Amino acid sequence: MNEISLTVKLPNGSKLTTFEDDENLYRAIVRALIDIEIFLIEVDVKNEEQ
């Protein structure tokens, strides 16, 4: 099993960390990136609604 932890430092100084594990390392990396992307899209949508 391959495990990946991805931490992104956001412009406001906070950090976002995601963890994925999968038998396929490539899939684990892609899923971690998708987790981050979805979070950032949700934040962007909330900011536009305000």
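What covers the buried residues of H1? The cover includes strand E1 (2–9) and strand E2 (15–22). This is a predicted model. Three salt bridges turn up in a search of the whole structure. Those that share partners are described below, along with the start of H1 and a nonpolar surface patch.

**Helix H1**

- Helix H1 runs over residues 25–49, a total of 25 residues.
- From first C-alpha to last, H1 reaches 37 Å. That is close to the 36 Å expected at 1.5 Å a residue.
- Ala 28, Ala 32 and Ile 36 are buried in H1.
- An α-helix has 3.6 residues a turn, so residues three or four places apart point the same way.
- Strands E1 and E2 are among the elements that cover the buried residues of H1.

**Start of the helix**

- Asn 24 sits in the loop between E2 and H1.
- Asn 24 counts as partly exposed because its relative accessibility is 30%.
- At the start of H1, a side-chain oxygen of Asn 24 comes to within 2.9 Å of the backbone nitrogen of Tyr 26.
- The backbone nitrogen of Asn 24 has a partner too: a polar atom of the Asp 22 side chain lies 2.9 Å from it.
- Asn 24 and Leu 6 are 18 residues apart in sequence, and their C-alpha atoms are 16 Å apart in space.

**Glu 20 and Arg 31**

- Glu 20 belongs to strand E2.
- With 12% relative accessibility, Glu 20 counts as buried. The cut-off for buried is under 20%.
- Glu 20 and Arg 31 form a salt bridge, and their closest N and O atoms are 2.8 Å apart.
- Glu 20 lies in strand E2 and Arg 31 in helix H1, so this pair ties together parts that are 11 residues apart in sequence.
- Arg 31 counts as partly exposed, at 32% relative accessibility.
- The side chains of Glu 20 and Arg 31 also register as a polar contact, at 2.8 Å.
- Beyond its neighbours within four places in sequence, Glu 20 is in contact with Asn 2, Glu 3, Ile 4, Ala 28, Arg 31, Ala 32 and Asp 35.
- Two of the contacts of Glu 20, Ala 28 and Ala 32, are buried residues of H1.

**Asp 22 and the salt-bridge network**

- Asp 22 is found in strand E2.
- Asp 22 is buried, because its relative accessible area is 9%.
- Side chains of opposite charge can pair when their charged atoms come close.
- Asp 22 forms a salt bridge with Arg 27, with 2.8 Å between the closest N and O atoms.
- Arg 27 is partly exposed, with a relative accessible area of 44%.
- Asp 22 also meets Arg 31 in a salt bridge between side chains, at 2.8 Å from N to O.
- Salt bridges with shared partners join Glu 20, Asp 22, Arg 27 and Arg 31 into one network.
- Leaving out residues up to four places away in sequence, Asp 22 touches Met 1, Asn 2, Arg 27, Ala 28 and Arg 31.
- Asn 2 is in the contact list of Glu 20 and in that of Asp 22.

**Nonpolar surface patch**

- Which residues form a nonpolar patch on the surface? Leu 25, Ile 29 and Leu 33 do, with about 240 Å² of accessible area together.
- Leu 25 has its place in helix H1. At 41% relative accessibility, Leu 25 counts as partly exposed.
- Leu 33 lies in helix H1 as well. Its relative accessibility is 49%, so Leu 33 counts as partly exposed.
- Exposed would require over 50%.
- Leu 25 and Val 8 are 17 residues apart in sequence and 19 Å apart in space, C-alpha to C-alpha.

**In brief**

- H1 has buried residues at Ala 28, Ala 32 and Ile 36, and a nonpolar surface patch takes in Leu 25, Ile 29 and Leu 33.
- One network of salt bridges holds Glu 20, Asp 22, Arg 27 and Arg 31.
- Asp 22 pairs with Arg 27 and with Arg 31, and a polar atom of its side chain lies 2.9 Å from the backbone nitrogen of Asn 24.

Conventions: Residues are numbered from 1 along each chain as its sequence is written. This is a predicted model: local features need pLDDT of at least 70, side-chain atom pairs count only at pLDDT 80 or more; totals for chains, interfaces and linings use all residues. Side-chain values use heavy atoms; hydrogens and water are left out. Helices (H or I, at least four residues) and strands (E, at least two) are DSSP runs, numbered from the N terminus. The expected span of a helix is 1.5 Å times one less than its number of residues. Buried means under 20% relative accessible area, exposed over 50%, partly exposed in between (1.4 Å probe, protein chains only). Contact means heavy atoms within 4.5 Å. A polar contact is a pair of N or O atoms within 3.5 Å; within protein, one must be able to donate a hydrogen and the other to accept it, and residues adjacent in sequence count only if both atoms are side-chain atoms. Patches are made of residues with over 30% relative accessible area and no salt bridge: like charges are joined within 9 Å, nonpolar side chains (Val, Leu, Ile, Met, Phe, Trp, Tyr) within 5 Å. Accessible areas come from the Shrake-Rupley method with a 1.4 Å probe; for residues, only the protein chains shown count as cover. A salt bridge is a side-chain nitrogen of Lys or Arg within 4 Å of a carboxyl oxygen of Asp or Glu.
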